[in-house]
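I kept these notes while going through the model, taking the cysteines before the strands. The entries are short and in the order I made them.

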Amino acid sequence: MTRFTQVFAAVLGVVLGLVPAALPEPPFASRVVVEGLAGPWEILLGPDRQLWVTERIAGRVTRVDPASGARTTVGSVPSRAVGTQDGLLGMALDLPYVYVAYTYSPRGLLKVVRYNYESGRLTAPVDVITGLPATTDHVSGRLAIGPDGKLYLTVGDGGANQFEHFCDRNLAQELPSSPRDFSRYRGKILRIEPDGSVPADNPVLHGVRSHVYSYGHRNAQGIVFGPAGQLYASEQGPKSDDELNLIRPGGNYGWPRVAGYRDDKAYVYANWSAAENCRDLTFSDYRIPASVPRLEESSFRDPALVPPLRTFFTVPDQHDFEAECGHSCWPTIAPSSIDFYGSAAIPGWQGSLLIPSLKDGAVYRVAGAETQTVWRTVNRYRDLAIGEDGRTFYVATDAGGRTKDLAGEPTEELANPGAILEFTAG
């Protein structure tokens, strides 16, 4: 991207009120490391200095040489990818162990499996936890190993109460009645022992200690630990109010009663599933039939409610969501993951959170009150990894879908579908 297009895109974003004014500083050189991946979803820089990638659609775990782009399949999983958000998803490395999360079974379920990595292949699969709820929508599925050695897994709300699932009850606020009540694991962040059991120090919620670590999540596709062990999560909102959250054990993050802050701005909980005639209705993102119960955010008074650190973006009630370009013009960025930048290699960046966007083809750098957009291209950014030198960044792009072009218009003509891009600070 030329300096002119960087300036133009940033200025246009300010005019539209969708993104903050920011230019990548210092300048970054960019190149394509590899293309033709089948939906790269997770990208990690391994201790072997190779990029480890999950390919959501193909169900492959692939190692990519960041210098040459040469790729090697180290294993495949029996995943099920029939939609745009299911299949092989998260991965965590604790070599020789490799943990992966993927959907399976015609009923739509999510599991975590541990493999051994030996002689360049994934072997000896062991189920860690199975039977977790999943659909083809809002699966989440981000996986991480905490500094405490526990596995952390995000489980989405399954798209309940919208689109084809609009008559399904949203369970993000409902807590399990027993440690094996997995049906109520929707809309949660889980904390799991490496053998799949419930950690003895997990929070007790409504009298039950389960894998549930926090709840009230919509579609938390990103989790990352900071240097002091704090857990951050990025979460996709409905039409506004994507969230950056600091996760507390036992915390309630509000969904579906609250989106973003509890401010009664541009969101009301329309509980379609509670309408007696739900099956006779046609779902709409813009018009709520009289038979659908609705609740204002201010009516939700749970003392466990945790407000977000930041939203992308909160707008007033009069905001025009029903613009010609539909969901592409909603004031959301569709955050797809999150990473913590702890290096001092780039002045002013240390301690930043880096949040890739599906809708904007950019990464949002958040540091305190500052928000900066960097590395804008016409792509859907799925995940990123940070190089050892602190100056090199690797960004995985979706194989398809809608984003914005450099003029801010919706497009499905992606510049680098199914690729890994490299950005290096000058």
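Which residues form a disulfide with sulfur atoms 1.5 Å apart? I looked this up and found Cys325 and Cys329. I note at the start that this is a predicted model, and that the values below are computed from it.

**Entry 1: Cys325 and Cys329**

I checked the torsion of this link next. The angle about the S-S bond is -90°, and the link of Cys325 and Cys329 is left-handed. I then looked up the accessibility of each partner. Cys325 has a relative accessibility of 15% and counts as buried, because the cut-off for buried is under 20%. Cys329, with a relative accessible area of 25%, is partly exposed.

**Entry 2: Cys167 and Cys278**

I asked which cysteine Cys167 is joined to by a disulfide. The partner is Cys278, with an S to S distance of 1.9 Å. The link of Cys167 and Cys278 has -105° about the S-S bond and is left-handed. I wanted to know which parts the pair ties together. Cys167 sits in the loop between β11 (151–155) and β12 (188–192), while Cys278 sits in the loop between β19 (268–270) and β20 (294–296), so the disulfide ties together parts that are 111 residues apart in sequence. For accessibility, I noted that Cys167 is buried at a relative accessible area of 12%. Cys278 is buried as well, at 4%.

**Entry 3: the disulfide count**

How many disulfides are there by the sulfur distance rule? The count comes to 2. I numbered the bonded cysteines of the protein chain in sequence order and read the pairing as 1-2, 3-4.

**Entry 4: a sheet**

I turned to the strands and looked up one open sheet. This sheet has 4 strands in the order β22-β23-β24-β25, and the pairing is antiparallel. Which strands are at the edges? They are β22 (339–341) and β25 (370–374), each of which pairs on one side only. I also recorded the twist, which averages 25° from one strand to the next.

**Entry 5: β24 and β25**

I took one pair from this sheet for a closer look. Strand β24 covers residues 363–367 and pairs with β25 in the antiparallel sense over 5 bridges. I asked which residue in β25 stands opposite Val363. The residue is Val374. As a reminder to myself, strands of a sheet pair through backbone hydrogen bonds.

Notes:
Residues are numbered from 1 along each chain as its sequence is written. This is a predicted model: local features need pLDDT of at least 70, side-chain atom pairs count only at pLDDT 80 or more; totals for chains, interfaces and linings use all residues. Side-chain values use heavy atoms; hydrogens and water are left out. Two strands pair if DSSP finds at least two bridges between them. Helices (H or I, at least four residues) and strands (E, at least two) are DSSP runs, numbered from the N terminus. Axes are lines fitted to C-alpha atoms, for helices over the stretch in contact, and angles run from 0 to 180 degrees between N-to-C directions. A disulfide is a pair of cysteine sulfur atoms within 2.5 Å. Buried means under 20% relative accessible area, exposed over 50%, partly exposed in between (1.4 Å probe, protein chains only).
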